[in-house]
Amino acid sequence: MTQQPGFGPDLVEVFGPSQRDGGPDLVQLLTPEGERVHHPEFDHDFSAEDLRGFYRDMVLTRRIDTEATALQRHGELGIWAQLLGQEAAQIGAGRALRPQDYVFPTYREHGVAYCRGVDPLNLLGLFRGVDHGAWNPNDNNFGLYTIVIGAQALHATGYAMGIQRDGDVGTGDPERDAAVIAHFGDGASSQGDVNEAFIFAASYNAPVVFFCQNNQWAISEPIERQTRIPLYQRALGFGFPGVRVDGNDVLATYAVTQAALQRARDGQGPTLVEAYTYRMGAHTTTDDPTRYRLSDDVEHWKLKDPIARVEVYLKRNGLADDAFFDGVKQEADELGHHLREGCKALPDPKPMSMFDHVYAEETEELRVQREGYAAYLETFEGAHS
Amino acid sequence: MSTKITLAKGLNMGLRKAMEDDPKVLIMGEDVGKLGGVFRITDGLQKDFGEDRVIDSPLAESGIVGTAVGMALRGYRPVVEIQFDGFVYPAYDQIVCQVAKMHYRSKGRSKMPMVIRIPFGGGIGAVEHHSESPEAQFAHTPGLKVVACSNPVDGYWMIQQAIASDDPVIFLEPKRQYHADKMDLDESVQPEPLFTSRVVKQGTDATVLAYGPMVKTALKAAEAAAGEGKSLEVIDLRTLSPLDMGPVFESVRRTGRAIITHEAHVNLGMGAEVSARITEECFYSLEAPVLRVGGFDTPYPASRIEEDFLPDLDRVLDAVDRSLAY
């Protein structure tokens, strides 16, 4: 390691290739080989039912992703943001939430949406082009997808400041104390809004968990183009703790997120969780990852598959029988059918609906435009009505 | 009972009243607490309402607006202060991509009852980025409403009406008028609705349209013109999005002539929109083309020559003469 007098270590050396496995600070509870390991800080007891639940959630989440990808290939969706490989990061985080917690997602949180009880069919509308998000954010405390990178980190922080002002933090009542989680990716860590969110959250000690899924790629740009230090270490510079968890390990992701959320609910302020994972597919269905990354990398990460390791663990320890696995497969098939049939049946919005909800109180100007266009359409003898 | 107040005082009283009336109203911004804002518009509010309701923010405009979005989603009514017009641009993304679209995106399920206060315009001898007029940028964004007050009484009422609105309102305050003139406020007189324009001086020969800091200039021009035997009608637009064109059309149909003036650059400014609408609606009543008097299409210049940039009494009168010459 090179060192200049008085300036500390060369950060490029610190971040170098040794980090490919997440480095020494990676929190892990289940290895890629399906071995249960223990961690001094984040250990957690999981029942067989918990483990089967995680497995089922991840399988169904992967099915949402593969069905949606297929629907895009068949022209039913304009685009799809794939999550293949990130199932554990999303299910671990999603299952750690309580009903009163609030989620501010980016546009890839299909697994978290599923955990919150959002019908996955509702996710497809946005990618099909029939709406900007069909679910009511207040039904499940799951916000609408945010396309502008990192903008939602500030919304999450502001919402958390609202929770503080409502007195719903640090009361000790598990039904009342609430936290907020903001999801974003490694690319977003470069955005001003994410950094400003860190500053606001730290300054006001807001009950928010910043959950960064470091999937190594921001479209074609590798993590080295976003940062010269491991992302979780950034938190220290803002004055709150950061932790790197194996994002392909659903047990560890659950345990770490659960602890961070509880910290927030208890009034101890923000945490940055870096879920160290890998995007096995493309950024979206429009790009071609073979143009910018090595197949060797993909092969390396295939061995860390988040679902396979839980499956191995369940089987090896006799925690699930064939009937269970068959049942999950059947459930996934039913979900796939629901998405395929449901997607094709999603009605196109009526043209006149574009005028709806621009304002809480519609303006006269817009009313005139609306009526003018309606009258114009009527000249086509109802062809567009 | 009436009180004599400045615009700064009117806004301060209006904010106080809104906070008393609704515990969900919060003020957020840089230096709004102990200092009372660099223009002292929030003077004394933190002392009386506490640090949880008058929130001194980190120095980050996108952060201020973006966290206010989250506050609004939680059911609060944030009033955000942008310290100077030229500093709103770091928050531009949050304003046009998030604040403006949240209601639409959510099919009306998520309201954005936010007010973004911006001291705007020039004439105070400030350095770069402290004298801009960004109104057209926001008026061009569906989902936002944009208003500009021009006098102390409007300041008092309009800020309360903007806070009460369930839509996000960009609230423009003419900073060179903050401490300029006093006016009688009689709270027993009911205010006009927020999104309306108003005839502030009646006349017969030409209609002069203005808003914010230029209303005073327009009124002075009308006074000077009267000395030359010309009768000018002056309309304070007050609302820029939506535009309230009813009183404008009515006036122009009578006078046959319209001149719109603003500090902002003429190219693609509010004047262009107002002119287009007058032409569409009042074509057969017009005796002259609609004329625009605005800031030149240059960046805001160094303050020693800002009086040449800003439309003044003489430039407005020159346009009136050109209009009357047709």
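Start where the two chains meet: colour chain A and chain B separately and select the contact, to which chain A brings 39 residues and chain B brings 47 residues. Keep in mind as you go that this is a predicted model.

**Stop 1: the interface of chain A and chain B**

With both sides selected, turn on a surface. Together the two chains bury about 3,500 Å², and carbon and sulfur atoms account for 56% of that area. Now show the side chains. Between chain A and chain B there are five salt bridges. For one of them, zoom in on A:D166 and B:R74, whose side chains form a salt bridge at 2.7 Å, N to O. If you widen the view to polar contacts across this interface, 24 residue pairs qualify, with both residues at pLDDT 80 or more.

Which elements of chain A should you pick out here? Select α6 (137-140), α7 (151-165) and α8 (192-204), since each of these supplies at least two residues of the side of chain A that touches chain B. Linger on α7(A), which gives the most to that side, with 10 residues. Then try colouring the side of chain A that touches chain B by residue class: you should find 18 nonpolar, 12 polar and nine charged residues.

**Stop 2: chain B and its two domains**

Hide chain A and look at chain B by itself. Chain B is divided into domain 1 (1-184) and domain 2 (196-323), so give each range its own colour. Taken over C-alpha atoms, the centres of these two domains of chain B are 26 Å apart.

Next, select residues 5-180 of chain B. An unreviewed UniProt entry annotates this range as "domain: Transketolase-like pyrimidine-binding". In cartoon view, residues 5-180 of chain B are 36% helix and 17% strand, and the C-alpha atoms at the two ends are 10 Å apart.

**Stop 3: between the domains of chain B**

Stay with chain B and select where its domains meet. Here 28 residues of domain 1 are in contact with 23 residues of domain 2. The two domains of chain B bury about 1,900 Å² between them, with 49% of it on carbon and sulfur atoms.

How many salt bridges cross the interface of domain 1 and domain 2 of chain B? There are four salt bridges across this interface of chain B. Bring up B:K216 and B:D181 as sticks as well: their side chains meet in a salt bridge, 2.9 Å from N to O. The polar contacts between domain 1 and domain 2 of chain B come to 14 residue pairs, both residues at pLDDT 80 or more.

To see what builds the domain 1 side, select α6 (135-139), β6 (145-148), α7 (152-164) and β7 (169-174) of chain B, the elements that give two or more residues to it. Among these, β6(B) gives the most, with four residues. By class, the side of domain 1 of chain B that touches domain 2 has 14 nonpolar, nine polar and five charged residues.

**Stop 4: chain A by itself**

Finally, bring chain A back and hide chain B. Colour domain 1 (10-344) and domain 2 (350-385) of chain A, following the domain assignment. The centres of these two domains of chain A, taken over C-alpha atoms, are 40 Å apart.

For a last selection, take residues 56-333 of chain A, where UniProt (unreviewed entry) places "domain: Dehydrogenase E1 component". This span of chain A is 45% helix and 11% strand, and its end C-alpha atoms lie 12 Å apart.

Notes. Residues are numbered from 1 along each chain as its sequence is written. Chains are lettered from A and ligands numbered from 1 in the order in which they are written. This is a predicted model: local features need pLDDT of at least 70, side-chain atom pairs count only at pLDDT 80 or more; totals for chains, interfaces and linings use all residues. Side-chain values use heavy atoms; hydrogens and water are left out. Contact means heavy atoms within 4.5 Å. Buried area is the accessible area (1.4 Å probe) that two parts lose on being put together, summed over both. A polar contact is a pair of N or O atoms within 3.5 Å; within protein, one must be able to donate a hydrogen and the other to accept it, and residues adjacent in sequence count only if both atoms are side-chain atoms. Ala, Val, Leu, Ile, Met, Phe, Trp, Tyr, Cys and Pro count as nonpolar, Asp, Glu, Lys and Arg as charged, and the others, Gly among them, as polar. UniProt positions are given in the numbering used here, feature names are shortened, and annotations may be inferred rather than shown by experiment.
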